[in-house]
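Opening the notebook on this one. I want to walk through a few helices, strands and cores and jot down what turns up.

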Amino acid sequence: MKKAAAVGVVAALSLAATGCGSSGSGSDRSTVTLWMYPVIADQAKSQAFWGKVEKDFETANPTIDVKIDQQPWEGRQEKVTTALVSKTGFDLVVLGPDQLPQYAQQGTIEAVDDVVAPAKAAYLPNSLSALSIDGKLYGVPVYQTITAPIYNKKLFAEAGVGKAPETLAELKEAAPKLAAKKVAVLDYPGKPEVSLNQSFYPILWANGGTVFAADGRSVAFNGPEGVESLQLLLDLKAAGGLPENTASKGNDIEGGPLAAGKTAMYHAATALQADQLGTAIGAENVGIGLPLEARKRVAFGIPGALVLARHSENKDAAKKLATYLASPEVSAELAKESGFFPARTDVTVPGQSESSKEFAKSLQYAFPGDTHPKARQVMGVLAPHIQAALLGKEDARTALDAAAKEADQLLTSGG
């Protein structure tokens, strides 16, 4: 997803120069500009899909001219922020829930409850709640991501473990049995660049913990649940249950220890990673489970949503396009081409693989993470301390308290 496929007829530079929501060739035509991202990784498929969407919508709505500009993932936050502040670039943009609080706070995006209202009962409740702030919906979900545990069935069987762990307690119990076979039970990615949503946070959430206090003015990850979660990782390490390089490894499957048969399980994988593991060890050896449970069963997963810029001059036309893109028909085709999941329960994905169907079972547990305007900055503060603990430089309590002190200063300083 490093290179964007140019879709539509307008380039990003011309959009920035002309703004958005301008009139078309005639005074009776409205222009709606959508900033889309490489949700469909294959560039040729992406171009074909969005080209068809543009054509079909304009045929059904001849007074609306749609311009779909495919943007790269890199630099998304900065470019979107600049566009919203300068009131240029797009009418609609695809964002995730972690990006919404700051824009809602700034007043640069528009609530879209009226777009979803006619079919609200068909949407995944978790998708809608993830995109809601202070009782208002700020995004129309068009797809949903989900993570789930993937594991090597053969390795568990060879270690005499009858079934893969379904709880954190079972994970800890299985660790020494696999270690005796020189296999680490958990392919934990401790590299700070890996999102904590796919490493530490799912364990924290399973233990009933949260990243932020309820008022959002301080962090809570250093509470008892957080210490318990980090201590679990340290106990696993001591039992040979984590890779030797766990503090510096990423979560890549290809070329990693899970594909090499040196680790047995990754607790927060995507459906694509399950396919990659199947290629490496044989699809018949890959198991897909529900999120590991302790006090709760929680899976990291976020909706991709269409967000309406408050500065849009053609809000009604933009809402029509959002309604169309969120329809069951378009949602189904987008899920098919992207490998993500629909954000609606009334959608059947054509040709959905068996592994994707297994991942879909975790959608009911989807959680977008602890949303906060500074959620990403707090991750950047916490991750190095978790790494230090994994390196044996700090104990669980010391690491989390030190991170909390830095994070609270960040939250109160405005930095």
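**Helix H2, the outer face.** I began on the side of H2 turned away from its buried face, and found the exposed residues Ala44, Lys52, Lys55 and Thr59 there. Note to self: this is a predicted model.

**H2, the other side.** Which residues of H2 are buried? I get Ser46, Phe49, Trp50, Val53, Glu54 and Phe57. I checked how they sit around the axis: they span an arc of only 130 degrees, so they fall on the same side of H2. The textbook rule goes with that: an α-helix has 3.6 residues a turn, so residues three or four places apart point the same way.

Next I looked up what covers those buried residues of H2, and the cover includes strands E1 (30–36) and E2 (64–70) along with helices H12 (315–325) and H13 (328–338).

**H2, length and start.** H2 runs over residues 43–60, which makes 18 residues. From first C-alpha to last I have 26 Å, close to the 26 Å expected at 1.5 Å a residue. At the start of H2, I found a side-chain oxygen of Asp42 within 3.1 Å of the backbone nitrogen of Ala44. Ala44 is also one of the exposed residues listed above.

**Cores.** How many residues does the largest nonpolar core have? It has 56, and Phe200, Tyr201, Phe221 and Val378 are the ones with the most contacts inside it. I listed the helices that each supply at least two residues of this core: H7 (153–158), H8 (168–179), H9 (201–206), H10 (224–238), H15 (375–390) and H16 (396–413). H15 gives the most, with nine residues.

I then picked Tyr201 and asked for its contacts, skipping residues up to four places away in sequence: Leu196, Val211, Val378, Met379 and Leu382 came back. Val378 also shows up among the residues with the most contacts in the core. Apart from this core lies another, of 50 residues, with Val112, Val115, Leu306 and Leu334 among them.

**Strands E8 and E9.** Five of the five residues of E9 (265–269) are buried, so I put E9 down as largely enclosed by the rest of the structure. E8 (148–152) runs antiparallel to E9, and three bridges join them. For Ile150, I find Tyr266 as the bridge partner in E9.

**Strands E7 and E12.** E7 (140–144) is mostly covered too, with five of its five residues buried. I see E7 paired with E12 (303–309) in the antiparallel sense, over four bridges. Pro303 in E12 is the bridge partner of Gln144.

**Gly304.** While on E12 I stopped at Gly304, which is found in that strand. Buried or exposed? Its relative accessibility is 2%, so it counts as buried. Outside its neighbours within four places in sequence, Gly304 is in contact with Leu95, Val140, Pro141, Val142 and Tyr143. I also took a C-alpha distance: Gly304 and Ser127 are 177 residues apart along the chain, yet their C-alpha atoms are separated by 8.8 Å.

**Ser356.** Last lookup of the day: Ser356, in helix H14 (354–360). Its relative accessible area is 13%, and the cut-off for buried is under 20%, so I log Ser356 as buried. Leaving aside neighbours within four places in sequence, I have Ser356 in contact with Ala271 and Phe341.

Methods:
Residues are numbered from 1 along each chain as its sequence is written. This is a predicted model: local features need pLDDT of at least 70, side-chain atom pairs count only at pLDDT 80 or more; totals for chains, interfaces and linings use all residues. Side-chain values use heavy atoms; hydrogens and water are left out. A nonpolar core is a set of buried Ala, Val, Leu, Ile, Met, Phe, Trp, Tyr and Cys residues joined through side-chain atoms within 4.5 Å. Buried means under 20% relative accessible area, exposed over 50%, partly exposed in between (1.4 Å probe, protein chains only). Contact means heavy atoms within 4.5 Å. The expected span of a helix is 1.5 Å times one less than its number of residues. The arc is that of the directions from the helix axis to the C-beta atoms. A polar contact is a pair of N or O atoms within 3.5 Å; within protein, one must be able to donate a hydrogen and the other to accept it, and residues adjacent in sequence count only if both atoms are side-chain atoms. Two strands pair if DSSP finds at least two bridges between them.
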